[in-house]
Amino acid sequence: EDNVSSESVSSSSSEEKEETIIETLDYSYHPLSEPSVNKQLVTFNPMGDMSTVWDYYRGDNVKVAVIDSGFDYDHPEFIDINGKNRVSEDSCYIYTDSSKKVHTQVGRNKVDITDGDSHGTMCAGLLGSSVNKKGITGIAPNVELMLIKIDKHALSMAEAFRYAADNGARVISTSLGQYPNSNGESYGDIHFEKGLDLSKVF
């Protein structure tokens, strides 16, 4: 009887915990209600009926790293319906100097568009634009965005993957070509024998 009672209490506690989690998620405003979402349908349609997925899950409690060039980290699409900026504080800028030393500068303001290229903003927006009654919606509008700005150096790219995995990214998104350095290195030459734990990414 004691065992049965213990299991019942455990089951009840689990149910209460699950109910609490569900209650904290605000799904009252649907992504398809965003004012400019119709302009995105050509993007979403090949992926199937996203609205069915959004009824149940929108990327909650997942940190996604986006590795790219500069980002507009204060863009209105990164501000959720409650006014919170969903770009994580551990976003960073990673670059490699002339002596091949890699540097990491942590902070939202380190990923700004200083090179005139905001390709990263577009990529992060397609992935994680908020449901906030302002414009479009991302594929996973509730994710936390870790924005990683890098220069066009293979060592910086490798470090960006390590940094993302070590700081809790469950997914890493990149949209990059190959940019050979003067010594012929490119992103395609990256090796991860120095200890990147990819299990942290997936």
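Search the whole structure for aromatic pairs and one turns up. Rings of Phe, Tyr and Trp (its six-membered ring) pair if their centres lie within 6.5 Å; planes under 30 degrees apart count as stacked, over 60 as edge-to-face and the rest as tilted. Here the ring centres of Tyr 93 and Tyr 95 are 5.2 Å apart and the planes meet at 25 degrees, so this pair is stacked.

Keep in mind that this is a predicted model, where local features need pLDDT of at least 70 and side-chain atom pairs count only at pLDDT 80 or more, while totals for chains, interfaces and linings use all residues. Residues are numbered from 1 along each chain as its sequence is written, and side-chain values use heavy atoms, leaving out hydrogens and water.

What lies over the face of Tyr 93? That's Lys 149, at 5.1 Å from the ring centre. A charge counts as over a ring if NZ of Lys or CZ of Arg is within 6 Å of the ring centre and within 35 degrees of the ring normal.

Both tyrosines belong to strand S2 (strands are DSSP E runs of at least two residues, numbered from the N terminus). Tyr 93 and Tyr 95 point to one face and aren't buried, while Cys 92, Ile 94 and Thr 96 point to the other and are. Buried means under 20% relative accessible area, exposed over 50%, partly exposed in between (1.4 Å probe, protein chains only). At 23%, Tyr 95 counts as partly exposed.

S2 has these partners (two strands pair if DSSP finds at least two bridges between them):

| Partner | Direction | Bridges | Opposite residues |
|---|---|---|---|
| S3 (residues 102-106) | antiparallel | five bridges | Thr 96 and Val 102 |
| S4 (residues 144-150) | parallel | three bridges | Ile 94 and Ile 150 |

How values were computed
Helix = DSSP H or I, 4+ residues; strand = E, 2+ residues; numbered from the N terminus.
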